[in-house]
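Grab a pencil and try these short exercises on the structure below. Each task comes with a worked solution, so have a go before you read on.

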Amino acid sequence: MGNVSKGSLTVILYRIRILLLISSALLGLVISITIPVNAQKNNSSPPQITPDVDSSELTPSYPASPPPPRKDPLPEDRDLQERLKETDYRVSNLLGDVTGNLWVGSWRGLSHIDPNTGKILGRVSLPNVAIGALAQDKVGRLWVGNYEGLQRVDPRTNEITAQNLFLPSKRVLSLLIDKRGYLWTGTDNGLALISPDQGLIMTTVKDLPGVSANALTLDADGQLWVGTLDGVVRVNTKNAYVMKWINNLPGTTVQALAISPEGLIWAGMPNNLLVINPKTGAVLRSVTRLRGRNVTAVSFAKDGSVWVGTNNGLLRLNPHTGSVLDEVAGLPSSRVFAVAPDIGNKLWIGTSEGLAWLMPNMPKAKTHLAFSRAVK
């Protein structure tokens, strides 16, 4: 390398010293940086610094909102009342059976009661509780028409023993046992004759005038009268042929039928109550007090008077003059669907809000609480 003078040696040593100082400084910087990283790896955290700030000066990070509105407490029975409002309490059909008991067809199911005491004797479980019609055959079996077809019930066991779902329509509106013991079934799309033993269709009435068999009754000759959407039709019960059709009636639709002891037809219409001569088809009377009223049920009592249910009340009429003898108060609803007189020495009334009963000389009807909506 050659000879180096003393002056040059001094300069070299000075440079080496500076480099060492720089290296030391850099080494210290590296150590100061790596120590905290290593400390974090060893799960040790640096000391926290708490700012000297008054907590009342801190602003919330969410917007302020008003408190929820106050709700009044519900009554103790409010929940029960709400559930009851969802239930249809209408009693659409009533039938006195051969044992003297009363069958009650409601839209909550089918039951039979002792009409003398009002005690429920049994309930029948049905696939559809929207009951449209009831009838009892000559052997004592009960037939139930609903909006899903026709069922036969054994009243001793309350069990369904037969059913027929292959009717002109599944919506059954009326039922009647003729003098031979056969079952006539009226639907919203025609009329069928059923064998009560097998529960099978024997025949159907082809092209029934008025289409819908809303109501059925028998005359003194044993022939069938059908209330339809267009008047009344007489059907021969032996061969299912249409014998007579009385149409062009005021109100057109017949929704309730009864035959008086004199053999006259009483037809309940949506706006009238007519008395018709079945032989001539002539309208003998339009009952004055029922004009403009929706007649939904007609039934003759043993004393000869006629009970008429409407969508706005129940009346008892003199059948000879049409005058009103009584107007019943105290019903659970003024909308009457069914009337069954002289069962257990009582008149039974099915309404849109349940079942009621009335005895002679009572000032008003009483509600059967087992079949009616609870009222505070």
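**Exercise 1.** Find which residue of β24 Arg316 stands opposite, and work out how the two strands run.

*Solution.* This is a predicted model, so we read everything off computed coordinates.
- Start at Arg316: its opposite number in β24 is Asp326.
- Next, look at the strands: β23 (residues 313–317) and β24 (residues 324–327) are antiparallel, joined by 3 bridges.
- Finally, follow the chain from one to the other: they make a hairpin with 6 residues between them. In the turn, Gly322 has a positive phi of about 80°.

**Exercise 2.** How many aromatic pairs does a search of the whole structure find? Sort the residues in them into buried or partly exposed.

*Solution.* The search turns up 2 pairs.
- Trp107 and Tyr147 meet edge-to-face, 5.7 Å centre to centre with 85° between the planes. They sit 40 residues apart, Trp107 in the loop between β2 and β3, Tyr147 in the loop between β6 and β7.
- Trp107 has a relative accessible area of 21% and Tyr147 has 24%. Buried means under 20%, so Trp107 counts as partly exposed, and so does Tyr147.
- Trp266 and Phe300 are also edge-to-face, with centres 5.6 Å apart and planes at 85°. This pair links strand β18 to strand β21, 34 residues apart.
- Trp266 comes out at 1%, so it is buried; Phe300, at 17%, is buried too.

**Exercise 3.** Which charged residue sits over the ring of Tyr147?

*Solution.* Look above the ring: the charged end of Arg171 is there, 4.3 Å from the centre. For extra practice, find Lys346 over the face of Trp357, 5.7 Å from the ring centre.

Technical notes. Residues are numbered from 1 along each chain as its sequence is written. This is a predicted model: local features need pLDDT of at least 70, side-chain atom pairs count only at pLDDT 80 or more; totals for chains, interfaces and linings use all residues. Side-chain values use heavy atoms; hydrogens and water are left out. Two strands pair if DSSP finds at least two bridges between them. Helices (H or I, at least four residues) and strands (E, at least two) are DSSP runs, numbered from the N terminus. Rings of Phe, Tyr and Trp (its six-membered ring) pair if their centres lie within 6.5 Å; planes under 30 degrees apart count as stacked, over 60 as edge-to-face and the rest as tilted. Buried means under 20% relative accessible area, exposed over 50%, partly exposed in between (1.4 Å probe, protein chains only). A charge sits over a ring if NZ of Lys or CZ of Arg is within 6 Å of the ring centre and within 35 degrees of the ring normal.
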